[in-house]
Amino acid sequence: MGAYSNEELPLPPVSDFSNTRLSKHVHDNVHGNIYLDPLSLKFIDTEQFQRLRDLKQLGAAHMVYPGAVHTRFEHSLGVYWLAGEAVQMLKKYQGLELGIDNFDIQTVKLAGLLHDVGHGPFSHLFQSEFLPLVMNGTEWSHEQMSTKMVDHIVDKHHIDVDSEMMRKVKEMILASSGLAPKNDAGEKRFLYDIVANGRNGVDVDKFDYIVRDSRACGLGCSFEFQRLMQTMRVMGDEICYRAKEYLTVHKLFATRADLYRTVYVHPKVKAIELMIVDALVEANDYLQISSFIEDPSEYWKLDDSIIKTIETAPNQQLRESRNLIRRIRTRNLYQFCNEYAVPRDKIENFKDVTAQDIVCSQKNGGVLLKEEDVAVSNVRIDLTRGRHNPLERYLTKYKGNYFIFEHGITFLL
């Protein structure tokens, strides 16, 4: 069930290990040996980063796919490795032209390593489902929290690191979010597209989690990120790909959409996640879970073990939360009732369905549901460009042998 074969498409050994005496390596089940440089080890060997071992990458998906117990820790190491390989590949072929130096390489690697350090319990569930219910009107993102955690780690552990490097690391972490700062004219903009690509969504973060998640869930994966890594080049300060890799890029987005359908929003996974959210909401007044998001020195203490804390606590105030967790343990889950696929031509004007909509549509007679009896999950699955194909072939500019397409992905002919 391997996601790819090292024998078929090996990545060239482009990394610079001139200081291997001070480096360490770990063996990853996706990328093989990952070499950790001395500066990165200073971040890895902290309680704040080690916390990622207790954050499952796919939240509650392991309750449906038993193999999906991988964590944010190994994913972060994977993104660190691929980010380093990507920038080393660019340096190998265009280093003099682009002015890539060791400072740039270290910066990109650190951004890959630390990009998810701000995730909360059960990953995206914490930000997207729990916090909106207990923090009305508060805008919070794990990317922004990651930048705060980075500063906290540096200060707490007195890590001797260039302040300009850390500024760029934080900007790279925010690159795909709405909080991304505008780059100065002199910046090497292409470096900001490697870890979290806000321009077109093609980045090493996806390269890692798509292969890793597919493998952990026992699903096949025909997407081969090595093809893109080997042929990526920079033009006009943007990373571009050979035109013949058009279908490889499309497969990246298509595989991601398939993972959403089969794993991330699987009906049973969603049912369990809704129950976890309800348990956290019930426990919030007593445990003050949401207050942890204000302070990195407290936030790092939050991880998936919050469920075990609730489950084993004797406090009467947590009784309702304990009952919900017990229902999950005994597989007495919220029942999936129905789903409706919105026609493509109606998506733009379609409003999210609410529990009130369901209750109001009931016919008289029989058992009548109340709003608190209904949970609605509105899910949008696309190729990261809304209803548009991210590779839609609208030619806007021609430069030599390169084509730049309307929706932002550049190809080399």
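Student: What is Ser290 in contact with, once its neighbours within four places in sequence are left aside?

Tutor: Contact here means heavy atoms within 4.5 Å. Leaving aside neighbours within four places in sequence, Ser290 is in contact with Phe130, Leu131, Val134, Met135 and Asn284. Keep in mind that this is a predicted model, where local features need pLDDT of at least 70 and side-chain atom pairs count only at pLDDT 80 or more, while totals for chains, interfaces and linings use all residues. Residues are numbered from 1 along each chain as its sequence is written, and side-chain values use heavy atoms, with hydrogens and water left out.

Student: Where does Ser290 lie, and why does it count as buried?

Tutor: Ser290 sits in the loop between helix H11 (267-287) and helix H12 (296-299). Helices are DSSP runs of H or I with at least four residues, strands are runs of E with at least two, and both are numbered from the N terminus. Buried means under 20% relative accessible area, exposed means over 50%, and partly exposed is in between (1.4 Å probe, protein chains only). Ser290 has 9% relative accessibility, so it counts as buried.

Student: What makes His158 exposed, and where is His158 found?

Tutor: His158 is in the loop between H6 and helix H7 (163-173). Its relative accessibility is 70%, so His158 counts as exposed. His158 also has a positive phi of about 50°, although it is not a glycine.

Student: And why does Asp237 count as partly exposed?

Tutor: Its 29% relative accessibility falls between the two cut-offs, so Asp237 is partly exposed. You will find Asp237 in the loop between S3 and S4. Asp237 is not a glycine either, yet it has a positive phi of about 65°.

Student: How do you know that strand S3 and S4 pair?

Tutor: Two strands pair if DSSP finds at least two bridges between them. Strand S3 (residues 233-235) and S4 have three bridges, in the antiparallel sense, so they pass that test. Met235 stands opposite Glu238 in S4. The hairpin of S3 and S4 has two residues between the strands, and Gly236 takes a positive phi near 60° there.

Student: In what sense do strand S1 and strand S2 pair, and over how many bridges?

Tutor: S1 (residues 24-28) and S2 (residues 32-36) pair in the antiparallel sense over five bridges. These two strands form a hairpin with three residues between them, and His27 stands opposite Asn33 in S2.

Student: What makes an empty space a cavity or a pocket?

Tutor: On a 1 Å grid over the protein atoms alone, a cavity is a set of points where a 1.4 Å probe fits but cannot get out; a pocket is an open set with protein on both sides within 12 Å along at least five of seven lines; and lining residues have an atom within 4 Å of a point. A search of the whole structure finds one cavity of 30 Å³ or more. The largest cavity has a volume of about 50 Å³, where a volume is the space filled by probe spheres set on the points, which are joined across faces, edges and corners.

Student: Which residues line the largest cavity, and how do they divide?

Tutor: Among them are Val202, Phe207, Met229 and Tyr241. The lining divides into eight nonpolar, one polar and two charged residues. Ala, Val, Leu, Ile, Met, Phe, Trp, Tyr, Cys and Pro count as nonpolar, Asp, Glu, Lys and Arg as charged, and the others, Gly among them, as polar. Helix H8 (204-216) and strand S4 (238-242) each supply at least two residues of this lining.

Student: Why is Leu252 called buried?

Tutor: Its relative accessible area is 0%, so Leu252 is buried. Leu252 lies in helix H10 (residues 246-264). Not counting residues up to four places away in sequence, Leu252 touches Val202, Lys206, Phe207, Ile210 and Phe223. Leu252 and Phe207 are 45 residues apart in sequence and 7.8 Å apart in space, C-alpha to C-alpha.

Student: What volume does the second largest pocket have, and which residues lie nearest its centre?

Tutor: The volume of the second largest pocket is about 1400 Å³. Of the 50 residues in its lining, His124, His142, Tyr209, Arg256 and Tyr260 lie nearest the centre. H5 gives the most to this lining, with five residues. By class, the lining has 14 nonpolar, 21 polar and 15 charged residues.
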